[in-house]
Amino acid sequence: RGHNGRYAWGNLPPDSSKARYCDDQCKDSKYSVGGKIRRRLGADPVNSHPEGRTMDGLYNLSGNVREWILDTYYDKYYETIQGGARDPLYFTSAARQEKVYRGGGWDDAPTILDVTVRKAVAPDKRGSDIGFRCASSSGRGGGMVAIGGGSYTRGINDEDLDELIEACTKDDLRKKCEYGYRFGDQTPYHEATLSEYKIDLFPVTNGMYKNCLASGVCRETASTTMYGLNDDDQPVTML
């Protein structure tokens, strides 16, 4: 919204002031760079990286943790839209029950922070790099901001798609193109029409989730102690 940039903040490339991601100081324990194994870093507090905010003030839509969205995944959705995009997208077919997350996480290469990238995963997938934030048509939650309705561009054009794939395949840090990312599902570039809604400035934190658990509404998460991701101001993961 507000620009056609590749990232939540615009077109400037990611750096540590804008997002938490896997740069040359971060290393998944399964891979090496220059013969060196680097430790996992984990997520930052949700109010970190103010320079990476959107024009509406939303924090960490690119980086820190990937975020579940409500859409059911369909790889040809952008190709088959009739009469404009409708969000969220639901399917009842058992063959189409994968859900979508977006935004890239603390262990992702900068390529995956691109706002056009969407990942399809089973809804029972848990990950130390997957969180969520709340959105509402009525805006009843605290800390929400209104996003105006209207028509917006979504997806990616063929030229940018070629550049994205090339950047990914050349990324020696994390060759994510080899790990199930379906970049072709981002075409064609198109217009999407949305009604006004409200959304949280921050991903839901561990502290917020503890309160939800205490109220009996939320379910327990899986353990994240091995990653050191349990501070109250960090995004809740392993859901």
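## Exercises on a predicted model

Three strands, in the order β5-β9-β6, make an open sheet with antiparallel pairing. The model is predicted: local features need pLDDT of at least 70, side-chain atom pairs count only at pLDDT 80 or more, and totals for chains, interfaces and linings use all residues. Residues are numbered from 1 along each chain as its sequence is written, and side-chain values use heavy atoms, with hydrogens and water left out.

**Exercise 1. Find the edges of the sheet β5-β9-β6.**

Step 1. Apply the pairing rule: two strands pair if DSSP finds at least two bridges between them. Strands are DSSP runs of E, at least two residues; helices are runs of H or I, at least four residues; both are numbered from the N terminus.

Step 2. Read the order, β5-β9-β6. β5 (135-136) and β6 (144-147) stand at the edges with a single partner strand each, so one side of each has no neighbour in the sheet.

Step 3. Check one pairing. β5 and β9 (residues 197-200) run antiparallel and are joined by two bridges. Ala135 has Ile199 of β9 as its bridge partner.

**Exercise 2. Test the length of helix α2 and locate its buried side.**

Step 1. Take the expected span as 1.5 Å times one less than the number of residues. For the 12 residues of α2 (residues 158-169) this gives 16 Å; the end C-alpha atoms are 17 Å apart, which agrees.

Step 2. List the buried residues (under 20% relative accessible area, 1.4 Å probe, protein chains only; exposed is over 50%, partly exposed in between). In α2 these include Leu161, Leu164 and Cys168. They cover an arc of only 60° around the axis (taken from the directions from the helix axis to the C-beta atoms), which puts them on the same side of α2.

Step 3. Recall the geometry. An α-helix has 3.6 residues a turn, so residues three or four places apart point the same way.

Step 4. Turn to the opposite face. Exposed Glu159 and Asp162 sit on the face of α2 turned away from its buried side.

**Exercise 3. Describe the overall make-up of the protein chain.**

Step 1. Count the elements: three helices and nine strands.

Step 2. Write their order from the N terminus: β-α-β-β-β-β-β-β-α-β-β-α.

Step 3. Add burial. Of the chain's 239 residues, 45% count as buried.
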